[in-house]
Amino acid sequence: MSAACDFVCGWIAGACGLVVGHPADTIKVRQQTLGQAGAWRCAISTLRHEGYGGFYKGMSFPVLSAGVMNSLFFGVYGTSLRQMQSLLSDDVRPESEASLGTVFLAGCFGGVAQLGVACPVDLAKIKLQIQTGSYSWRSKQMIHYSGPVDCLLKVFQVEGIRGLYRGITPMIFRDIPASGVYMLVYQATLRSLKPLESKKSTPLFSTMIAGGLAGSVSWGVIVPLDVIKSRLQADCGSEPKYRGMLHCAASSLRSEGPGVFGRGFWLVVGRAFPVNAAIFLSYEHCMSPCRSHV
């Protein structure tokens, strides 16, 4: 029952977080891949050339798939946490009492579990997000894909399975440790705020702060890898500019300087707070009935 709750509640939480954060994610991707240095400039260009719909490009597929990814993440996280606790002792304690080291490792396992789905989904999302429909916005690329399914099919036709997993190497280095940090910061913050709940705050407030901080910290430390991942996935499969992760990093550094690896940092960190506050609020709200019956 606990595992089923983890998966179902993770699905709902993932969809809620995506709806909150997709417009800012579109701006972040365009900053990192199309050479737009400022978030405001990028947002104004998007609005001018594409209207409000430009901020929501590539969202339909991730709304469904984000549920799958977060379902896998929270499901494997919860199951791993209980299994590791049972191996370490006969008493499986609540999540709020588990050691932070165990929480970190369980988060890493959750990060591994969602990679198989996350990479093709991110690929389709980024390909659609960089389609601008305007020569003045990105002169070298016209619209090629009518939607996420069309995108994945065309990538598969040209590059095969390998093309669908373009960018998987930086995603491995990005997502696995970041997922551990994500759950570690969430639980550590939640526990530090618990003594204040009865006096100055509520569990709702604590969940929002802990979830927001978890998202901002875990995303903030991986922005350089996210830039490389975005560039690899935005690259043309038939005539690739980059040969791999290291070549992309070296080429980006040589042509744009070290500042390129921080591109989109403040947008990423700022976006991560409300998105992950929404994710954890949804997750904890859905999990509360399950926990009351355990």
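How many salt bridges does the count come to? I started my notebook with that one, and the count comes to eight salt bridges. A reminder to myself before going on: this is a predicted model.

**Entry: overall layout**

I looked up the secondary structure next. The protein has 12 helices and zero strands, so my sketch of the order along the sequence was quick to draw: α-α-α-α-α-α-α-α-α-α-α-α. I then checked burial and found that 51% of the 294 residues count as buried. For contacts with a separation of 6 or more, I noted that 77% are between residues 24 or more positions apart.

**Entry: the cavity**

I went looking for enclosed space. The count comes to one cavity of 30 Å³ or more. I put down about 720 Å³ for the space in the largest cavity. Which residues are the closest to its centre? I found M69, N70, Q114, R174 and W219, out of 31 residues that line this cavity.

I also asked which elements give two or more residues to the lining, and I listed α1 (2–34), α3 (60–88), α5 (115–129), α8 (168–193), α9 (203–220), α10 (223–234) and α12 (265–292). Helix α8 gives the most, with six residues. Sorting the lining by class, I got 14 nonpolar, eight polar and nine charged residues.

**Entry: R174 and its partners**

R174 had already turned up by the cavity centre, and I met R174 again among the salt bridges. The side chains of R174 and D226 meet in a salt bridge, with 2.6 Å from N to O. R174 lies in helix α8 and D226 in helix α10, so this pair ties together parts that are 52 residues apart in sequence. Are these two residues buried or exposed? I found both R174 and D226 buried. I followed the links outward and found a network of salt bridges that joins D122, R174, D175, D226 and K229.

**Entry: two more salt bridges**

I looked at D150 and K154, which form a salt bridge with their closest N and O atoms 3.3 Å apart. The two are four residues apart in helix α6 (residues 148–159), which means they are separated by about one helical turn. K154 counts as partly exposed because its relative accessibility is 34%.

Then I turned to E159 and R166, whose side chains meet in a salt bridge at 2.7 Å, N to O. E159 counts as partly exposed at 23% relative accessibility. R166 has a relative accessible area of 15%, under the 20% cut-off, so I noted R166 as buried.

**Entry: helix α4 and S179**

I tested the geometry of helix α4 (residues 100–113). At 1.5 Å a residue, its 14 residues should span 20 Å, and I found the end C-alpha atoms 20 Å apart, which agrees. Which residues of α4 are buried? My list reads T102, V103, A106, G107, C108, G110 and G111.

Some of those names came back when I looked up S179, which lies in helix α8. S179 counts as buried, because its relative accessibility is 10%. Leaving aside neighbours within four places in sequence, I found S179 in contact with F73, G107, C108 and G111. Of these contacts, G107, C108 and G111 are also on my list of buried residues in α4.

Technical notes. Residues are numbered from 1 along each chain as its sequence is written. This is a predicted model: local features need pLDDT of at least 70, side-chain atom pairs count only at pLDDT 80 or more; totals for chains, interfaces and linings use all residues. Side-chain values use heavy atoms; hydrogens and water are left out. The expected span of a helix is 1.5 Å times one less than its number of residues. Buried means under 20% relative accessible area, exposed over 50%, partly exposed in between (1.4 Å probe, protein chains only). On a 1 Å grid over the protein atoms alone, a cavity is a set of points where a 1.4 Å probe fits but cannot get out, and a pocket is an open set with protein on both sides within 12 Å along at least five of seven lines; lining residues have an atom within 4 Å of a point. Grid points are joined across faces, edges and corners, and a volume is the space filled by probe spheres set on the points. Ala, Val, Leu, Ile, Met, Phe, Trp, Tyr, Cys and Pro count as nonpolar, Asp, Glu, Lys and Arg as charged, and the others, Gly among them, as polar. A salt bridge is a side-chain nitrogen of Lys or Arg within 4 Å of a carboxyl oxygen of Asp or Glu. Contact means heavy atoms within 4.5 Å.
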